[in-house]
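Reader: I would like to go through this model piece by piece. Please show me the sequence and the structure before we start.

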Amino acid sequence: MASALARRAGGSPAAALWAAARGFASVGSDIVSAAPGVSLQKARSWDEGVATKFSTTPLKDIFHGKKVVIFGLPGAYTGVCSQSHVPSYKNNIDKLKAKGIDSVICVAVNDPYVLNGWAEKLQAKDAIEFYGDLDGSFHKSLDLDIDLSAALLGRRSHRWSAFVDDGKIKALNVEKAPSDFKVSGAEVILDQI
């Protein structure tokens, strides 16, 4: 995320070096190491949560040995997320799979039950895996968290996407504002794989 921090700090090389020194993820780094000890919650119904004893999924199980496209967004049921971001990946799933992608993952600072209902409403569960970052620790570890209290959302995620190969970040795209949808869609990441 050094490049994201540099953009937010006016593009200063010093800001990028400072971010790298703090251990945030960036192109070339290991996403699991950047978020040590973090697990995500796979989208599910309440009954599925009870049946699995509210299990979580360690990041190593999601990324190691796999080619993954992951994208983060401010939240389920929000405008750009519902109308553009998720549909861009749903509509391009065959192209992503044809490039050797093992899984396409959407992650948001929501609980897994909200994400499950939203994924069903968008009819995207067969194409995309949805994971909740319930307390925002994944996004905070990657320096991709943002305070959206002005929109009554609290701490959330920036809008972003990444191509991760065996845990290593190969491409990373972070929007300048949560309402932007210019660099984090499937069409952009397809050209980066």
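Reader: Among contacts in the chain between residues at least 6 apart in sequence, what percentage join residues at least 24 apart?
Author: This is a predicted model. Contacts between residues at least 6 apart in sequence form the pool here. Of that pool, the share joining residues at least 24 apart is 66%.

Reader: How many helices and how many strands does the chain have?
Author: Both kinds of element occur in the chain. The helices number ten. The strands number nine.

Reader: What percentage of the residues of the chain count as buried?
Author: Buried means under 20% relative accessible area. The chain has 193 residues. By that cut-off, the buried share is 51%.

Reader: What part of the area that the chain exposes do carbon and sulfur atoms supply?
Author: The chain exposes about 8,900 Å². The part supplied by carbon and sulfur atoms is 53%.

Reader: Is strand S3 largely enclosed or largely open?
Author: Strand S3 covers residues 67-73. Six of its seven residues are buried. Therefore the rest of the structure leaves S3 largely enclosed.

Reader: Which residue stands opposite Phe71 in S8?
Author: S3 pairs with strand S8, residues 160-165. The sense is antiparallel, over six bridges. Opposite Phe71, S8 places Ser161.

Reader: In S4, which residue is the bridge partner of Val69?
Author: Strand S4 spans residues 103-108. S3 and S4 run parallel and are joined by six bridges. Within S4, the partner of Val69 is Val104.

Reader: Does Ser39 count as buried, partly exposed or exposed?
Author: Ser39 lies in strand S1, residues 39-42. Its relative accessibility is 23%. Buried means under 20%, and exposed means over 50%. Ser39 falls in between, so it counts as partly exposed.

Reader: Which residues is Ser39 in contact with, leaving aside its neighbours within four places in sequence?
Author: Neighbours within four places are left out here. The remaining contacts of Ser39 are Thr56, Thr57 and Pro58.

Reader: What distance separates the C-alpha atoms of Ser39 and Asp133?
Author: Along the chain, Ser39 and Asp133 are 94 residues apart. In space, their C-alpha atoms are separated by 8.0 Å.

Reader: Does Trp46 count as buried or exposed?
Author: Trp46 is found in helix H4, residues 46-51. Its relative accessibility is 52%. The cut-off for exposed is over 50%. Trp46 therefore counts as exposed.

Reader: What is the area of the nonpolar surface patch made by Trp46, Val50 and Phe54?
Author: Trp46 makes this patch together with Val50 and Phe54. The patch is nonpolar and lies on the surface. Its area is about 310 Å².

Key: Residues are numbered from 1 along each chain as its sequence is written. This is a predicted model: local features need pLDDT of at least 70, side-chain atom pairs count only at pLDDT 80 or more; totals for chains, interfaces and linings use all residues. Side-chain values use heavy atoms; hydrogens and water are left out. Helices (H or I, at least four residues) and strands (E, at least two) are DSSP runs, numbered from the N terminus. Buried means under 20% relative accessible area, exposed over 50%, partly exposed in between (1.4 Å probe, protein chains only). Contact means heavy atoms within 4.5 Å. Accessible areas come from the Shrake-Rupley method with a 1.4 Å probe; for residues, only the protein chains shown count as cover. Two strands pair if DSSP finds at least two bridges between them. Patches are made of residues with over 30% relative accessible area and no salt bridge: like charges are joined within 9 Å, nonpolar side chains (Val, Leu, Ile, Met, Phe, Trp, Tyr) within 5 Å. A salt bridge is a side-chain nitrogen of Lys or Arg within 4 Å of a carboxyl oxygen of Asp or Glu.
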